[in-house]
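Here's a quick walk through the fold, for anyone about to set up calculations on it. Keep the viewer open while you read.

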Amino acid sequence: MKQQYIIPIFVPHLGCPNDCVFCNQKSISGQKKNPTKEEVKKIIEDYLKNIKEEEAQVEIAFYGGSFTAIDEKLQEELLEVAYEFIQQGKVESIRISTRPDAINKNILKKLKKYKVKTIELGVQSANDYILKRAGRGHTFADVKRASKMIRWNGFKLGLQMMVGLPESTRIDEINTAKALIKLKPKMMRIYPVLVVKDTKLEKDYQEGKYEPIPLVQAVETCKELVRMFANKKIEVIRVGLQNTDEITDPQANGSQVVAGPYHPAFRQLVESAMWYDAIVAKIKRLNVKVKEVEVTVNPIDSNNVIGHKKENVLKLKDTYDVDLLLKQDENIKQGKSKIQITKTYHDFLEE
Ligand code: SF4
C-alpha cells in the first residue's frame with residue numbers, strides 16, 4: 001500500500017461571512033495571516049522534499065476557513081498552484097474544507113476541474129436551534145443539500161461535528177451522529193468545544209452564560225460517537241483539536257484556550273476508554289471470577305490498551321481487582337485483540 005501524506009495549508013478565516021461563537025480561526029489554525037500563492041508553492045515544495053518514498057500518495061489540504069467562500073480570484077490562484085503539482089505528477093489530489101452554504105453546482109464544477117477529491121463540511125450539529133445559538137448562519141437542511149450534491153458529483157465527503165456547544169446535550173450529539181451517518185460521509189472529525197480567547201463564547205463564559213463540558217463527559221460522549229461511526233465503517237480521522245502553540249493547556253504561556261475539555265492526548269483518552277469497555281465486557285462474558293487477564297494486541301494499540309498514565313491498568317485493579325498483562329503481536333489486526341484469562345480467583349487462592 002502506498003504511504004499517504006497530507007500537506008496542510010491553513011487559510012484562516014478567509015472570506016468567512018460568519019462569526020461562530022466558538023471560532024477564532026487565527027488561533028485555531030495557529031496562523032495570523034493568509035498565505036500568498038508564492039508561500040503556498042514554497043510550503044508544498046518544502047513538504048515534498050521531505051517525502052522520500054517514490055510511490056507516496058500525496059494530498060494538498062486547504063484547511064481552516066471556508067475555502068469556497070473566499071474571493072474567487074484568490075481561490076483560483078491557490079487551486080492553480082496546487083494543481084500544477086498534480087500535473088507534474090508530484091501530488092495526487094486536493095482536499096478542502098468549507099461551509100455547507102458555500103457549496104453549489106458551479107463551485108463543485110470548478111473544484112472538479114482542479115482535481116479536488118475530498119470536500120469536508122463543518123456541520124457541528126444537526127439541531128437548527130443549536131446551530132443558531134452557535135451563530136453558524138446555516139441550517140441542517142443546508143448540510144443535507146450540500147452533502148448530497150458533493151456525493152452525487154463524485155467527491156469524497158467528510159463531515160465535522162462538535163460536542164459541548166451551547167445548550168447542546170449528549171442526546172443532541174448522538175442525534176447529530178445518527179443524522180450524519182444517513183448522509184454517508186467517508187470520514188468524520190469530532191471536536192469538543194473549547195473556549196478560545198476573543199470569541200463570543202469567551203464573553204459568555206466570563207459572564208457565566210456558558211459552562212464548558214468537563215473532560216470526562218467529553219471523553220464519554222466522543223467514545224459513543226466514535227463507536228457509532230466505526231460501526232458504520234466511517235473513518236474518524238480526528239477527535240479533538242490539533243495541539244499547537246496556541247491550542248494548548250490553558251495554563252501554558254501563550255495559550256489561547258481559556259477553558260474547556262482540553263487534553264494533549266484527547267484521542268488517546270477516547271480510544272483507551274473504548275478499550276477499557278471492550279476488556280471489561282469480555283471479562284464479564286467469561287462467567288468466571290478473573291484475577292489476571294492477558295490482552296494481546298497489535299503494537300500500535302498497546303498504549304491505548306494500557307491507557308494514558310496507565311489509567312486502564314489502575315482502573316481495572318481498583319474496580320474489579322483484575323491485573324492486566326499486555327502482550328504485543330504484529331499478526332493481530334489493529335483494533336482487534338485476543339484476551340486470555342491467565343489466573344482465576346480459584347488459582348489465586350490455591351497459590
Ligand atoms: S464558519 Fe468556520 S471559519 Fe467561519 S466563523 Fe464559523 S467556524 Fe470559523
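In this predicted model, one open sheet is built from 3 strands in the order 11-10-12, and its pairing is mixed. Strand 11 (323–328) and strand 12 (337–344) sit at the edges with a single partner strand each, so one side of each has no neighbour in the sheet. On average, neighbouring strands here are turned by 20° against each other, ignoring direction. Strand 10 (residues 290–297) runs antiparallel to strand 12, and 7 bridges join the two. If you want a residue pair to click on, try Glu292, whose bridge partner in strand 12 is Lys343.

The other sheet to look at is also open, with 7 strands in the order 1-2-3-4-5-6-8 and parallel pairing. Its edge strands, strand 1 (4–11) and strand 8 (235–239), each pair on one side only. Neighbouring strands in this sheet are turned by 20° against each other on average, again with direction ignored.

Here are some of the parallel pairings, each with one residue pair:

| Strands | Bridges | Residue pair |
|---|---|---|
| Strand 1 and strand 2 | 8 bridges | Pro8 and Ala61 |
| Strand 2 and strand 3 | 4 bridges | Glu59 and Ser93 |
| Strand 3 and strand 4 | 5 bridges | Ile96 and Ile119 |

Strand 2 deserves a second look, since its two faces come out as separate lists. Val58, Ile60, Phe62 and Gly64 make up the covered face, while Gln57, Glu59, Ala61 and Tyr63 make up the uncovered one. So what about the loop that follows? Ser66 is in the loop between strand 2 (57–64) and helix 3 (72–87). Is Ser66 buried or exposed? Ser66 has 23 C-beta neighbours inside 10 Å, and the cut-off for buried is 20 or more, so Ser66 counts as buried.

Lys105 goes the other way. You'll find Lys105 in helix 4 (residues 105–113). Lys105 has 9 C-beta neighbours inside 10 Å, and exposed means 12 or fewer, so Lys105 counts as exposed.

Now for the helices. Helix 9 (residues 215–231) packs against helix 10 (residues 266–285) at an angle of about 70°, and their axes are 9 Å apart. That angle falls in the 65 to 115 degree range, so the two helices are roughly perpendicular to each other. Which residues of helix 9 and helix 10 meet? On the helix 9 side they are Val219, Cys222, Lys223, Val226 and Arg227, and on the helix 10 side Leu269, Val270, Ala273 and Met274. Sorted by class, this contact has 7 nonpolar residues, 2 charged ones and no polar ones.

Zooming out, the domain assignment splits the protein chain into domain 1 (4–264) and domain 2 (286–350). The C-alpha centres of domain 1 and domain 2 lie 36 Å apart.

A couple of C-alpha distances help with the scale. Ser66 and Leu286 are 220 residues apart along the chain, and their C-alpha atoms are separated by 51 Å. For Lys105 and Lys209, the separation is 104 residues in sequence and 40 Å in space, C-alpha to C-alpha.

Definitions and conventions:
Residues numbered from 1 in each chain as written. Predicted model: local features only at pLDDT ≥ 70, side-chain atom pairs only at ≥ 80, totals over all residues. Axes fitted to C-alpha atoms, helices over the stretch in contact; angles between N-to-C directions. Parallel < 35°, antiparallel > 145°, perpendicular 65-115°, else oblique. Contact = placed C-beta atoms within 7 Å. Nonpolar A, V, L, I, M, F, W, Y, C, P; charged D, E, K, R; others polar. Domains from an automatic or database assignment. Pairing = 2+ DSSP bridges.
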